[in-house]
Amino acid sequence: QVQLVESGGGLVQAGGSLRLSCAASGSVFSINAMAWYRRAPGKQRELVAAITSGGTANYADSVKGRFTISRDNAKNTVYLQMNSLKPEDTAVYYCNADLIIDRVLRPSWGQGTQVTVSS
């Protein structure tokens, strides 16, 4: 069974940094796009950043210039470097990946990791 396992969340003061990681474990043939979403209390889930298998990234306007998404295809891992964090970045962050398993596209989600930014 393939799982997306996230790590790196926590509590940080405003202006600080965190790095999230998400690794696909199990028998994965390949991975297409990977992304990070977040859901803040009382709000809908939103796309934070996404990256193609070739490394092309795009970002939500609210995080541009502060967050960087990257991936290591050899490790089936995607990262989210978050700098200059703001209290409004507080949310549960979810990893998403388009996994190719047995030649079938299977969009998958991680369990979520809490990021809390104090003012």
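This passage describes the strand pairing, the nonpolar core and selected side-chain contacts of a predicted model.

Strands of a sheet pair through backbone hydrogen bonds, in either a parallel or an antiparallel sense. In the present model, an open sheet is built from four strands in the order β1-β3-β8-β7, with antiparallel pairing. The edges of this sheet are taken by β1 (residues 3-7) and β7 (residues 67-72); each has a single partner strand, so one side of each is left without a neighbour in the sheet. On average, neighbouring strands of the sheet are turned by 15° against each other, direction ignored. At the β7 edge, six bridges connect β7 with strand β8 (residues 77-82), and the two run antiparallel. Within this pairing, Ser70 has Tyr79 of β8 as its bridge partner. The ring of Tyr79 also lies beneath a charged group: the charged end of Arg19 sits over this ring, 4.1 Å from its centre.

Strand β4 (residues 30-39) takes part in two further pairings. With strand β9 (residues 91-101), β4 pairs in the antiparallel sense over eight bridges, and Trp36 is found opposite Cys95 of β9. With strand β5 (residues 46-51), β4 is joined by five bridges, again with the strands running antiparallel. Arg38 has Glu46 in β5 as its bridge partner. The two strands β4 and β5 form a hairpin with six residues between them. In the turn of this hairpin, Gly42 adopts a positive phi of about 75°.

In soluble globular proteins, nonpolar side chains tend to be buried together. The largest nonpolar core of the model comprises 29 residues, and those with the most contacts inside it are Trp36, Val48, Phe67, Val78, Leu80, Met82 and Tyr93. At least two residues of this core are supplied by each of β3 (residues 18-25), β4, β5, β7, β8, β9 and β11 (residues 113-118). The largest contribution comes from β9, which gives six residues. When residues up to four places away in sequence are not counted, Val48 touches Trp36, Tyr37, Arg38, Asn58, Tyr59, Ala60, Val63, Phe67, Leu80 and Tyr93.

Two further positions were examined individually. Ser21 is located in strand β3. With a relative accessibility of 18%, Ser21 falls under the 20% limit and therefore counts as buried. Its contacts, not counting residues up to four places away in sequence, are Val5, Glu6, Ser7, Trp36, Val78 and Tyr79.

Gly10, by comparison, belongs to strand β2 (residues 10-13). Its relative accessibility is 26%, and Gly10 therefore counts as partly exposed. Although Gly10 and Thr116 are 106 residues apart along the chain, their C-alpha atoms are separated by 6.2 Å. Leaving aside neighbours within four places in sequence, Gly10 is in contact with Leu18, Gln114, Val115 and Thr116.

Interactions involving aromatic rings were also considered. The structure holds one aromatic pair. In addition to the placement of Arg19 over Tyr79, Arg45 lies over the face of Trp109, at 4.1 Å from the ring centre.

Terms used: Residues are numbered from 1 along each chain as its sequence is written. This is a predicted model: local features need pLDDT of at least 70, side-chain atom pairs count only at pLDDT 80 or more; totals for chains, interfaces and linings use all residues. Side-chain values use heavy atoms; hydrogens and water are left out. Rings of Phe, Tyr and Trp (its six-membered ring) pair if their centres lie within 6.5 Å; planes under 30 degrees apart count as stacked, over 60 as edge-to-face and the rest as tilted. A charge sits over a ring if NZ of Lys or CZ of Arg is within 6 Å of the ring centre and within 35 degrees of the ring normal. Two strands pair if DSSP finds at least two bridges between them. Axes are lines fitted to C-alpha atoms, for helices over the stretch in contact, and angles run from 0 to 180 degrees between N-to-C directions. A nonpolar core is a set of buried Ala, Val, Leu, Ile, Met, Phe, Trp, Tyr and Cys residues joined through side-chain atoms within 4.5 Å. Buried means under 20% relative accessible area, exposed over 50%, partly exposed in between (1.4 Å probe, protein chains only). Contact means heavy atoms within 4.5 Å.
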